[in-house]
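Me: Could you take a close look at the salt bridges in this protein? Once they are described, please go on to the parts of the fold around them.

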Amino acid sequence: MKKMKLWLRKPVLVLLFLTVLAPIVLYTDKLTTFSSFEFIQEPSTLSFNRDVRVLNLLPEESSATLKEPLGDVVKENLTGSVQHVDNESSRRIRQLNEESKRRETVVLSEEDNPIKQVTQGDKRVESAENKENLEVKVAELSQQLSSVTKSETKPEARKAVKKEPVKTKSDKPSEPVLVDNRVRYLKDQLIRARVYLSLSATRTNAQFSRELRSRVKEVQRVLGDATKDADLGRNAYEKQKAMDQTLAKGKQIQDDCTAVVKKLRAIIHSTEEQARVHQKQALFLTHLTAKTVPKGLHCLPLRLSTEYYSLNSSAQQFPNQEKLDDPNLFHYALFSDNVLASAVVVNSTVTNAKDPSKHVFHIVTDKLNYAAMRMWFLANPPGKATIQVQNIDEFTWLNASYSPVLKQLASRNMIDYYFKTNKGAESDSNLKFRNPKYLSMMNHLRFYLPEIFPKLGKVVFLDDDIVVQKDLSGLWSIDLKGKVNGAVETCGENFHRFDRYLNFSNPIIAKNFDPRACGWAYGMNVFDLEEWKKQNITEVYHSWQNLNHERQLWKLGTLPPGLITFWKRVYALEKSWHVLGLGYNPSVSQKEIERAAVVHYNGNLKPWLEIGIPKFRGYWNKYVDYDQAYLRDCNMSP
């Protein structure tokens, strides 16, 4: 019996131990577990607002219902064991939250100031972008922290996470900031002020009208000639703010929005009309400037002519005249009355030639510039190249009975077209077709090359507004495949097609030509004179000129009759041989210019005029020796 009692005592003690000690052990373990949780960040340092969200394991609550800040807890789900987040990660989150707090403060301060809302609108957008970027960065960092807690036993993974830098806004390239925001805003204020001053509600309020006029004068003085904010005075902001307050009063006074709208529309219409008038005036002045001769270019031929006639007859002759009819040499045709421009063409061609002794230049000019042209090349011989200067008046075969265009140029109808000033005279809206240079037969000599050079087989025609940058001897080895004219086509642009030059409303033009056919350029052309004679090109030109005696097929100029005369007789050269547009198009590619054998200043903005495009003038000035005595005497400089 005694043994049995002892046996029962043991189970009772075990049960007593389990019922008393087990809860204590379990409670202690639970306390230990909860004490293992750690807040990543002190609650007092958390920042909550409508723009920046805080990372939590729980779903996000709106800022309106949030009473107290919540801590961010990290816990491993698989094992139930708790991993402590390292101090480095905690520091990163603290930095991000502090950054968001600073940005929010800046945004709130800007919202309080309505002027900054207008003048610094771009910065507000940038701030919003920063907040969105910050949210993304916090989310990315939370993923990194999760990977760190799960791989604490992997030192390599932890090391990789620690080494990855946190990207901030400063890592991004700075966006361009407008430097004339305030200038634009002040100008807008002036426009609004003028609108208010013109309305009846303002005119009846004398006090407001005086105040507004005073503000307008203040803003005008502040603006002056400023084009960027840095040019404004120190008091620009105060004047802007004062004008804003006055305009706010004007907005309250104006109760009729319809009147404001009508006035603004009237201002827009008036401005557009003024812009059209100024554009037309600028076009007229540009054409007028292109027709005039600068003082230096007027002085130069006078000085040269005086010097030429002081020479004896033997000193007036050029050397190497035996080369003029040698078909084995490289012959150039240049028709010009501009001495300096012709000098640049010859100088640039010889400078870039591989063998200058094989190059022969045939220059034809008028009686007025004949002596000056000869004197220039006598005083400035082109190295080993050969020069010939001829007077167009010496071509006795070129008369009105042979050339229809010469007969037309001397007609009363043509003279009236250019010189009659009464309103009843025929007018043309396109001023370039009324340029008196078309009255000069010099412009039409290009259609008589076989008559001028009867012993030559191939000639390269050059305009006087081009610059040669590479050796041109390769042009003579090009096989034109039975064509007469080798030229660079210009059909890459719409205004260089046939319908821009010819009158396709005329049945003769519409029947014989394609309006969308590619045009081509004069300025640098290879002419096969043997094929010219075989195909009787000069007669073709004459026949079309007779049909156009009343200018019904095309306006004046040489390109339209050239397109017709050489229809289906043009061989397309590589575009790098001839680059156009330097006399009217500022956007010609630098790469195109550098690769070109010839650059052409076609247009009104010639490089020897003050209106020439500055960035292209250097290619021309490169071949002008401004230290030359005649140029110094005429005060000519780059």
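Reply: In this predicted model, a search of the whole structure turns up 11 salt bridges. Side chains of opposite charge can pair when their charged atoms come close. Three of the pairs are worth taking one by one.

The side chains of K239 and E218 form one of them, with N and O 3.8 Å apart. This pair links distant parts of the chain: K239 belongs to helix α9 (residues 236-253) and E218 to helix α8 (residues 206-223), with their positions 21 residues apart in the sequence. The cut-off for a salt bridge is 4 Å, so a distance of 3.8 Å counts. The two partners fall in separate classes of cover. K239 is partly exposed because its relative accessibility is 23%, while E218 is buried because its value is 14%; the limit for buried is under 20%.

A second pair is E273 and R276, whose closest N and O atoms are 2.2 Å apart. Here both residues sit in helix α10 (residues 257-291), three residues apart, or about one turn of the helix. E273 has a relative accessible area of 34% and is therefore partly exposed. R276, at 44%, is also partly exposed.

The third pair is D325 with K455, and its closest N and O atoms are 3.9 Å apart. D325 is in the loop between α11 and β1, and K455 is in the loop between α16 (449-452) and β4, so this salt bridge ties together parts 130 residues apart in sequence. D325 is partly exposed at 43% relative accessibility. K455 is exposed, because its relative accessible area is 58% and the limit for exposed is over 50%. Shared partners also occur among the salt bridges: R215, E218 and K239 are joined in this way into one network.

The D325 and K455 pair leads on to the strands that follow their loops. Strand β1 covers residues 330-335, and six of its six residues are buried. Cover is found on both faces: F330, Y332 and L334 are buried on one side, and H331, A333 and F335 are buried on the other. Strand β1 pairs in the parallel sense with strand β2 (residues 359-365) over six bridges. Within this pairing, F330 is opposite H359 of β2. Between β1 and β2 the chain passes through helix α12 (residues 339-351), and the β-α-β crossover is right-handed. Strand β1 also runs parallel to strand β4 (residues 458-462), to which three bridges join it. A333 of β1 stands opposite F461 in β4. What, then, do the loops of D325 and K455 have to do with this pairing? The loop of D325 lies between α11 and β1, and that of K455 between α16 and β4, and β1 and β4 are the strands joined by three bridges.

Helix α11 brings in a covalent link. A disulfide is a covalent bond between the sulfur atoms of two cysteines. The model has one disulfide, and it joins C299 to C634 with an S to S distance of 2.1 Å. The link of C299 and C634 is left-handed, with -75 degrees about the S-S bond. C299 is in helix α11 (residues 295-308) and C634 in the segment after α23 (629-633), so placed that the pair links distant parts of the chain, 335 residues apart. C634 is buried, because its relative accessible area is 7%.

A further sheet is open, with three strands in the order β5-β10-β9 and mixed pairing. Its edge strands are β5 (466-468) and β9 (578-579), each of which pairs on one side only. The pairing of β9 with strand β10 (residues 598-600) is parallel and has two bridges. In that pairing, H578 has V598 of β10 as its bridge partner.

For contrast with the charged pairs, there is a nonpolar patch on the surface. It consists of V14, L15, F17 and L18, with about 400 Å² of accessible area together. L15 lies in helix α1 (residues 2-35), and L15 is exposed because its relative accessible area is 53%.

Notes: Residues are numbered from 1 along each chain as its sequence is written. This is a predicted model: local features need pLDDT of at least 70, side-chain atom pairs count only at pLDDT 80 or more; totals for chains, interfaces and linings use all residues. Side-chain values use heavy atoms; hydrogens and water are left out. Buried means under 20% relative accessible area, exposed over 50%, partly exposed in between (1.4 Å probe, protein chains only). Helices (H or I, at least four residues) and strands (E, at least two) are DSSP runs, numbered from the N terminus. Two strands pair if DSSP finds at least two bridges between them. A crossover is right-handed if, with the strands pointing away from the viewer, the path from the first strand over the helix to the second runs clockwise. A disulfide is a pair of cysteine sulfur atoms within 2.5 Å. Patches are made of residues with over 30% relative accessible area and no salt bridge: like charges are joined within 9 Å, nonpolar side chains (Val, Leu, Ile, Met, Phe, Trp, Tyr) within 5 Å. Accessible areas come from the Shrake-Rupley method with a 1.4 Å probe; for residues, only the protein chains shown count as cover.
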